[in-house]
Protein chains: 2
Amino acid sequence: MIASEFEACQYARNQRKSSDVNDKNSSKRPTIYDLAELVGTSPTAVSSVLNGSWKKRRISQKLADKVLKAAQENGYTVNIQASVLRRERSNIVGMILPKYDNRFFGAIAEEFETRARAAGLFPVITCTQRDPALELAAARELLSYQVDCLISTGATDPDQISDLCRAAGVKTLNLDLPGTKAPSILSDNFTGARDLTRIILDACERDFGVVDPLLFIGGRKDDHNTQERLRGFLAAHTEREISMPQSQIISEGYAPEKARQSLMAMRRIPHGIFVNSTITLEGVVYWLQSLPAERASRIRCGTFDFDPFGALLPQNVGMVRQDVQGLLARTFEVIKSGKDSAETELVACHLEMPSF
Amino acid sequence: MIASEFEACQYARNQRKSSDVNDKNSSKRPTIYDLAELVGTSPTAVSSVLNGSWKKRRISQKLADKVLKAAQENGYTVNIQASVLRRERSNIVGMILPKYDNRFFGAIAEEFETRARAAGLFPVITCTQRDPALELAAARELLSYQVDCLISTGATDPDQISDLCRAAGVKTLNLDLPGTKAPSILSDNFTGARDLTRIILDACERDFGVVDPLLFIGGRKDDHNTQERLRGFLAAHTEREISMPQSQIISEGYAPEKARQSLMAMRRIPHGIFVNSTITLEGVVYWLQSLPAERASRIRCGTFDFDPFGALLPQNVGMVRQDVQGLLARTFEVIKSGKDSAETELVACHLEMPSF
DNA sequence: CAATCATGCTCCATCGGTTGAGCAACTGCT
DNA sequence: AGCAGTTGCTCAACCGATGGAGCATGATTG
């Protein structure tokens with residue numbers, strides 16, 4: 001008898017499981033073998049019903065229904081590890097992200113997850129605390145999970161990660177900070193910064209009749225984004241023939257406290273300030289609070305990156321909001337296209353003006 | 001000859017791989033079988049060297065060194081899918097998180113990842129946009145990745161997720177919002193809110209000589225955390241024998257715009273305001289901007305949850321900062337203890353006073 | 001009525017790593 | 001020399017899902 005032979009074979013294959021099939025207290029989750037035994041069919045049939053290939057494999061509707069019902073009743077979930085091991089693709093997309101502590105990275109994380117899910121992929125984000133060693137370790141870890149694709153966001157050393165991915169034959173892409181060994185998708189920091197600078201210059205001229213160089217504060221000179229923003233900042237001054245003294249560019253890190261101290265130490269307080277990040281803006285606000293109200297009201301500032309509280313500051317004349325949706329739309333397009341030339345692509349920013 | 005038999009067997013096992021071993025252009029990553037062939041040993045030996053069990057398995061230092069060198073040179077990374085499939089534990093811990101758009105959840109995500117890594121576990125966070133259906137789908141997905149443990153943070157319906165986990169025999173735990181079917185770890189919303197209310201009442205009395213009921217704004221009445229905070233808010237009034245009119249409690253959601261409109265519509269503007277979230281605080285600040293400066297200066301407010309910009313508002317007298325480190329410390333302790341009784345545990349908040 | 005085809009399913013090898021069992025070879029002891 | 005014990009390694013089964021190959025049926029056609 002073929003049927004009993006099959007059953008015997010199943011039983012031999014997995015004694016413990018078989019005896020647990022009808023045991024609701026069993027903590028082991030059911031497998032396709034368990035369902036096959038319950039329904040009285042083969043594991044292959046069960047698998048193909050559950051993964052959708054059953055039509056192609058000419059399984060009858062009747063059997064499919066029985067299998068689906070059994071799966072439902074027994075709370076079956078596929079074992080992805082086994083599935084991925086067997087298939088060529090994992091459908092997992094990994095992302096390395098420096099921090100979750102600001103709106104920009106938070107929005108990137110959410111948008112990435114949403115788009116990945118919409119594309120039928122499983123997103124895994126891992127946060128690397130701006131630590132190069134952790135970035136590398138995390139990349140390696142994601143690779144060992146067989147990600148199909150790895151996105152390095154704001155990575156300290158994206159090229160090293162690209163190398164790892166290349167060795168593993170995994171697609172990769174740099175977001176927010178460029179690398180030379182994979183496609184890079186960035187905000188147009190130059191244009192955003194230039195437009196913001198113009199707005200601040202306009203406000204100073206309009207409100208105070210002053211045409212002075214602005215103060216640039218925050219960021220690091222060795223940081224690509226700071227360099228580009230500085231370039232935009234200087235371009236806006238050059239086009240108005242305002243010369244820029246070196247002392248007006250303070251780029252000694254993003255930390256709020258550092259910015260506050262630098263501002264406190266200045267002999268001549270500028271009317272217009274270009275703030276290079278929302279985190280630096282915290283320090284600027286702290287400093288503003290220490291000024292007499294009348295003096296504080298005679299300052300205008302604009303910030304690169306958006307924060308809803310920052311936008312409500314009376315001194316605020318504009319914030320550059322990066323187009324997170326646009327950045328990730330392009331990211332997924334590039335992934336899909338399979339392109340892997342190390343070209344850099346810019347996505348325009350949006351200038352958010354105060355609405356009050 | 002045993003050696004040649006072994007090699008022949010290996011070759012038969014995997015023709016394509018074997019011929020690729022020395023091919024640097026091959027995009028396939030090396031496996032333990034490849035390394036075994038390179039070094040001239042068995043896959044078992046390679047595996048045990050690479051996963052650290054070689055001492056126990058009495059592999060010689062010499063062979064271990066050779067294997068490690070080969071692994072290094074060929075950029076070997078373990079295939080976790082295969083490894084997890086065979087082992088009983090995955091060492092993956094999953095977390096469901098509503099949003100990444102505020103400091104609280106951002107900090108939870110970072111702290112969770114840090115602690116998981118420190119415990120030798122692999123953290124996977126997935127963001128569910130406060131969507132109950134997505135929460136459930138995400139939980140199912142994480143289970144199919146064989147997570148050892150699943151943490152529901154701020155989940156709409158944590159009990160449903162607990163049920164899923166129970167069926168799969170997976171440990172689970174609720175964070176930030178309580179459930180009835182798994183251990184819950186929450187901030188002590190009651191005490192935090194009561195203490196904050198006291199501070200605001202103190203400030204109104206000290207600065208304006210007024211002993212009036214405060215305004216409570218933000219949140220939802222059916223939300224556990226709002227209920228607890230409201231209880232603390234009322235307790236602080238009761239202990240001072242201040243009676244609370246219903247009209248002073250506005251709990252129609254967290255949205256900033258909603259809060260602003262409610263405030264605009266009030267006939268009598270209160271001196272003291274209890275703001276139930278930083279997101280609601282945005283609306284309050286928006287409204288403050290619309291007031292004459294002199295009037296705005298005669299308001300004191302405190303907020304549940306912390307935001308660095310919010311802390312810098314001149315009207316701010318305190319922010320309740322939830323103890324994210326404490327919450328996650330307890331979370332990991334409970335996980336480790338294996339406890340699964342549905343008890344709720346409270347973690348104290350910290351009252352952050354303005355420092356200027 | 002035999003040959004052909006479609007239908008509905010099962011068998012088996014496979015993905016890569018892990019683990020219990022076991023086997024040579026060598027050492028030390030009586 | 002004989003035996004136990006140690007050292008250093010290999011074998012083979014297994015985890016759960018998947019897909020190509022193939023095998024009985026039953027229906028259709030010349």
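**Exercise 1. Find which residue of chain B comes closest to the rotation axis, and work out how the two chains are related.**

Solution. Of the residues of chain B, Gln81(B) has the C-alpha that comes closest to the rotation axis, at 2.3 Å. The model is a predicted one, in which local features need pLDDT of at least 70 and side-chain atom pairs count only at pLDDT 80 or more, whereas totals for chains, interfaces and linings use all residues. Residues are numbered from 1 along each chain as its sequence is written, chains are lettered from A in the order in which they are written, and side-chain values use heavy atoms, with hydrogens and water left out.

Next, consider the superposition, which is done by least squares on the C-alpha atoms of residues with pLDDT of at least 70 in both copies. A turn of 180° with a shift of 0.1 Å along the axis lays chain B on chain A with an RMSD of 0.2 Å. The two copies are therefore related as by a two-fold rotation axis. The same surface serves both copies, since 100% of the contact residues of chain B recur in chain A, contact meaning heavy atoms within 4.5 Å.

**Exercise 2. Describe the interface of chain B and chain A by its residues, its area and its salt bridges.**

Solution. Begin with the residues: chain B gives 53 to the contact and chain A gives 54. The two chains bury about 5200 Å² between them, 54% of it on carbon and sulfur atoms; buried area is the accessible area (1.4 Å probe) that two parts lose on being put together, summed over both. Of the area that chain B buries against chain A, 16% is supplied by Gln81(B), Tyr100(B) and Phe309(B), more than by any other three residues.

Then turn to the salt bridges, each a side-chain nitrogen of Lys or Arg within 4 Å of a carboxyl oxygen of Asp or Glu. The rule finds six of them across the interface, and Arg103(B) forms one with Glu282(A), where the closest N and O atoms are 3.4 Å apart.

**Exercise 3. Work out what the buried residues of α8(B) pack against, and how the helix starts and is followed.**

Solution. Helices (H or I, at least four residues) and strands (E, at least two) are DSSP runs, numbered from the N terminus. The 13 residues of α8(B) reach 19 Å from the first C-alpha to the last, close to the 18 Å expected at 1.5 Å a residue, the expected span being 1.5 Å times one less than the number of residues.

Buried means under 20% relative accessible area, exposed over 50%, and partly exposed in between (1.4 Å probe, protein chains only). The buried residues of α8(B) include Glu135(B), Leu136(B) and Leu142(B). They pack against α6 and β2 of chain A, together with β1, β2, β3 and α9 of chain B.

At the start of α8(B), a side-chain oxygen of Asp131(B) reaches to within 2.9 Å of the backbone nitrogen of Ala133(B). Just after the helix, Gln146(B) takes a positive phi of about 65°.

**Exercise 4. Place Arg57(B) in chain B and classify its exposure.**

Solution. Arg57(B) is found in the loop between α4 (43-51) and α5 (61-73) of chain B. Because its relative accessibility is 49%, Arg57(B) counts as partly exposed. Leaving aside neighbours within four places in sequence, Arg57(B) is in contact with Thr44(B) and Ser48(B).

Technical notes:
Polar contact = N/O pair within 3.5 Å; in protein donor to acceptor, adjacent residues only side chain to side chain.
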